[in-house]
Amino acid sequence: MQEETLCPRGFRSVSTNMGLKDVEDDFVAVVSEVPARSAAVFTQSRFAGPSVVLSREAATRQDSRGMVVLSRNANVATGRAGAEHAEEVRGRVATIVGIPPEELVIGSTGVIGRPYPMQSIRAGLDALTWPFPEADYAAAAGAMMTTDTRPKYFSVRCGDAVLTGIAKGVGMIEPNMATLLTFFFTDADVPAAELDALFRRVMDKTFNALSIDTDTSTSDTAAVFANGLAGPVDLAAFEQALYECALHLVRDIASDGEGASKLIEVQVTGARDDAQAKLVGKTVVNSPLVKAAVHGGDPNWGRVAMAIGKLHEETDIEPARVRIAFGDLVMHPEEPSDELLGQAAAYLAGDEVVIRVALGIAQGAFTVYGCDLTEGYVKINADYTT
């Protein structure tokens, strides 16, 4: 269970409004007081924004001390000026802190194709002084939000160290790396090579297992910063703590998907390998028909069968061996009775729905996370810039 008072040592933050939102905070920086080790992964979008480009270059150093994020403006497809503005924002924050710009990751999220309002941002940056206050992760998560309905943050303990994660994003989410914007801060002492390897493993099992709407963002950034002030930790225990923290954030994001009313978890077992299980799970959770059926509480397991059947190149999937269940209620290959359909409808009325698919091939397994499709999703995205 999360302890609200858990915070890693040695991180400071500032959250404020710089004119991108009307009144809410739209800028946040969280920075370690001391040098740190880091790892990061980014979107694979061909339209990656200049913030991603800058941060991807810096990430190879594995010594980032923190991050800067501006929300409500993605600063994507803004040409040379956009690149210069991202570099200026990162550089000015680094100067305030007294570190090289390359020791900061910069993220930007929101509307594509609009330049930063640099006049108000410059005025806001002029008002910042170091040291920032002690890190406030709830405020940091809130400042990153765009269409999120609530800030997303979570802390866990690992030995003498603490790990805190924050995240934003509830739409344009089908990651090929990590997803959206998510950052982890810890006072554990973890060697750079091991930090990078375990971070990527955890991202593959958590944020890469998430999909809201099949659309990959231009700005996806995920990073972890470890300043070592708590001393060394058991690496296996740290990886488990990071997994717990990341999975909590993933489930929080899925349940808060744009317009969503239900969290969908698709558990695939019996696959040829884990990659096939992930492919099947993503195909099911991304199906608009499956999403709509879950939203309406319609026990139409045929939608799940349809989604699996689209994978025509997966010739080792034999329908006769496939088992489909809503929760513990097996819908296929059984012939659902009226009683079973009624039980399934009652189950689908809940806030969290687990769809289980057993392929009956081998031992591959993977679990993915998503949400239902509602009128709210259409409304939010039909009016996003207007």
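Me: A residue counts as buried when its relative accessible area is under 20%, as exposed when it is over 50%, and as partly exposed in between. With that in mind, is Arg 92 buried, partly exposed or exposed?

Reply: Please keep in mind that this is a predicted model. Arg 92 has a relative accessibility of 23%, which falls between the two cut-offs, so Arg 92 counts as partly exposed.

Me: Which side chain does Arg 92 meet in a salt bridge?

Reply: To call something a salt bridge, we look for a side-chain nitrogen of Lys or Arg within 4 Å of a carboxyl oxygen of Asp or Glu. Here the side chain of Arg 92 meets that of Asp 126, with 2.2 Å from N to O. This pair links distant parts of the chain, since Arg 92 belongs to helix α2 (residues 79–97) and Asp 126 to helix α3 (residues 118–126), with their positions 34 residues apart. Asp 126, for its part, is exposed because its relative accessible area is 57%, which is over 50%.

Me: How many salt bridges does the count come to?

Reply: By this rule the count is 21 salt bridges, and among them is the one between Asp 63 and Arg 61, where N and O lie 2.9 Å apart. Asp 63 is partly exposed at 21% relative accessibility, and Arg 61 is partly exposed at 39%. Another salt bridge joins Asp 273 to Arg 272, whose closest N and O atoms are 3.9 Å apart, and that distance still passes because the rule asks for atoms within 4 Å. Salt bridges can also join up into a network, as they do for Asp 148, Arg 150, Lys 152, Asp 252 and Asp 256.

Me: Which side chain of opposite charge is nearest to Lys 291?

Reply: Lys 291, found in helix α8 (residues 288–296), is buried yet has no salt bridge, and the nearest side chain of opposite charge is Asp 372, 7.3 Å away. Leaving aside neighbours within four places in sequence, the residues in contact with Lys 291 include Ser 211, Ile 212, Ile 264 and Asp 372 itself.

Me: What kind of aromatic pair do Phe 183 and Phe 225 form?

Reply: When two ring centres lie within 6.5 Å, the angle between the planes decides the label, with under 30 degrees counting as stacked and over 60 as edge-to-face. By this rule there are 7 aromatic pairs, and one of them, Phe 183 with Phe 225, is stacked, at 6.4 Å centre to centre and 20° between the planes. The pair links distant parts of the chain, Phe 183 being in strand β8 (residues 181–189) and Phe 225 in strand β9 (residues 221–232), and both residues are buried. The rings of Phe 184 and Phe 199, by contrast, have planes at 75° and centres 6.2 Å apart, so this pair is edge-to-face. Phe 184 lies in strand β8 and Phe 199 in helix α5 (residues 192–205), and these two are buried as well.

Me: Which residues do ring pairs link into a cluster?

Reply: Just as salt bridges can form a network, ring pairs can connect, and here they link Phe 11, Tyr 137, Phe 183, Phe 185 and Phe 225.

Me: Which residues does UniProt list for "binding site"?

Reply: In an unreviewed entry, UniProt lists Thr 146, Lys 168, Thr 179, Glu 258, Asn 381 and Thr 386 under that heading. Of these, Asn 381 can be placed in helix α11 (residues 375–382), and at 35% relative accessibility Asn 381 counts as partly exposed.

Methods
Residues numbered from 1 in each chain as written. Predicted model: local features only at pLDDT ≥ 70, side-chain atom pairs only at ≥ 80, totals over all residues. Heavy atoms only, no water. UniProt positions renumbered as here; feature names shortened; annotations may be inferred. Helix = DSSP H or I, 4+ residues; strand = E, 2+ residues; numbered from the N terminus. Buried < 20%, exposed > 50% of the residue type's maximum accessible area, 1.4 Å probe, protein only. Lys, Arg positive; Asp, Glu negative; His and termini not counted. Contact = heavy atoms within 4.5 Å. Phe/Tyr/Trp six-rings, centres within 6.5 Å; stacked < 30°, edge-to-face > 60°.
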